[in-house]
Structures are given as structure tokens and as C-alpha cells.
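Please open the structure in your viewer and keep the selection tool at hand. This tour goes from the whole chain to a sheet, then to a helix and a loop.

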Amino acid sequence: MIIWINGAFGSGKSTLAAGLHGALPGSVVADPEEVGDLLRRTLNEHPGKLHDYQDYPAWRRLTAAYIGEVAEYTGGHVIVPMTVLNPAYAAETFAPLRLSPGLVHLVLHVDPDGLRARIDASEEYPGDEARSEAVRAHRRRRAADYAAAAWMHADAHLIDTSALTPEAVLDAALTRLLPAHLATADGVRP
């Protein structure tokens, strides 16, 4: 199955992706940000350059193709940690993926105060405060965009992580994803 993890910037998508990867044998993590980085580098000097790579129709098409091809090649779980706030972009990207054996859209929700606290405490680049603060500033700017993206809650399986540890978030995701007969990497279903 394809497990798309959506949510606010700083909500724990990468942490959950790493946990799922460890718990689901044969799984891979495929990050569409790498597709965005490719487009950003390629179009950096082009007059049609856009600020947000998700605004490129090519990003949405390439991301869907990338994730679909990885899923077909591996035959296992493909974990995709990526915030997509624009409902039209999500629909365009998810449409071809919904044709695969299974697309599960998870949204990690954090209450606004909890999200601010997580962002303020984050240190993406230990030892490089300037780069870490740039990431925190980006996340703070985008928090309001997430709050306005109510469509996500209707389209996805919501996990409210406000009061949960990373381990509890992983357990909640596995409970949502795994039928009773499947086991995790340690042979036990939570």
C-alpha cells in the first residue's frame, strides 16, 4: 500500500515515516521533496521559475509517477511523508495513486499551541542555528495554511498527535493501517 502522511509542517511526518519504515518489513520511504529539489535545480535560472515547487504541474505528475513506480517495483509499502495543503494539487497527485492496490492518506493533526511549541523546540540542523531557525520560520509561516486546509480532515484518516508521544502516534497509525492478521517487523501487531 501507499501510505501518504500529510499534516502541518512540524507535525511529525518524518518521525512517523521512520517509525513505519522500521515496523513494516520491506517498506521504503519515498520523499517527493526530492522531486521538488530536482525541479528547483533544473528551473533555477528559467524565467518561469516558481517559488513553491508544488505549483509546477510537473511536480504533481512526476510525484505520482515516482510513487506509483516505486510501489510497483518494490511490491511493498511505500511511505510518503509530504505536506500537500492545496486540495486541487492533492486530488491531481492522488488520482493516479488511488488506482494502485491501496492508497491510505493519513493526516497528523496538532493543536495550534502544540504545533507552535514543537516548531519552537525543533532543531533540524544541530550546530547550525541559522539554518534551523530558517526551517522554524518556514514552518511558522505555513501553520496558518494548514489551519485553513480543512479539506484534509474529510479526505484522510486523522491522527490527533497533540497529546501523543511519537511511539503512540506510530501505534495509532499501525492500528489504522494493519488488519488484525498482519504483523510488524518484530512479529507483533500493536
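Each stop below says what to select and what is found there.

**Before you start**

This is a predicted model, in which local features need pLDDT of at least 70 and side-chain atom pairs count only at pLDDT 80 or more, while totals for chains, interfaces and linings use all residues. Residues are numbered from 1 along each chain as its sequence is written, and side-chain values use heavy atoms, with hydrogens and water left out.

**The whole chain**

Show the protein chain as a cartoon, and you should find eight helices and five strands, where helices (H or I, at least four residues) and strands (E, at least two) are DSSP runs numbered from the N terminus. Following the chain along its sequence gives the pattern β-α-β-α-α-β-α-β-α-α-α-β-α. Along the principal axes, the C-alpha atoms fill a box of roughly 55 × 35 × 35 Å. Of the 190 residues, 42% are buried, which means under 20% relative accessible area, whereas exposed means over 50% and partly exposed lies in between (1.4 Å probe, protein chains only).

**The sheet**

Now select the five strands, which form an open sheet in the order S2-S3-S1-S4-S5 with parallel pairing; two strands pair if DSSP finds at least two bridges between them. Strand S2 (28–29) and strand S5 (157–160) stand at the edges with a single partner strand each, so one side of each is left without a neighbour in the sheet.

Next, colour strand S4 (residues 103–109), which is joined to S5 by four bridges and to S1 by six bridges. For one pair on each side, look at Leu 106, whose bridge partner in S5 is His 157, and at Ile 3, whose partner in S4 is Val 104. Are the residues of S4 buried or exposed? Seven of its seven residues are buried: Leu 103, His 105, Val 107 and His 109 point one way, while Val 104, Leu 106 and Leu 108 point the other way.

Add helix H3 (residues 57–74), which lies across strand S1 (2–7), S2 and strand S3 (78–81) and runs at about 155° to S3. Helix H4 (residues 87–97) also packs on the sheet, where it touches S1 and S4, and its direction makes about 165° with that of S1; these angles run from 0 to 180 degrees between N-to-C directions, with axes fitted to C-alpha atoms, for helices over the stretch in contact.

**Helix H5**

Select helix H5 (residues 112–121) and show the side chains of its buried residues, Gly 114, Leu 115 and Ile 119. Seen down the axis of H5, these buried residues fall within an arc of 135°, so they line one face of the helix; the arc is that of the directions from the helix axis to the C-beta atoms. They pack against helix H6 (129–147), while Asp 113 and Ala 121 are exposed on the other side of H5. At the N-terminal end, Asp 111 caps the helix, with a side-chain oxygen 3.2 Å from the backbone nitrogen of Asp 113.

**The loop with Ser 11**

Finally, select Ser 11, in the loop between S1 and helix H1 (13–23), which counts as buried at 2% relative accessibility. A polar atom of the Ser 11 side chain lies 2.8 Å from the backbone oxygen of Ala 8. Leaving aside its neighbours within four places in sequence, Ser 11 is in contact with Leu 108, Val 110, Leu 115, Arg 118 and Thr 161, where contact means heavy atoms within 4.5 Å.

Terms used
A polar contact is a pair of N or O atoms within 3.5 Å; within protein, one must be able to donate a hydrogen and the other to accept it, and residues adjacent in sequence count only if both atoms are side-chain atoms.
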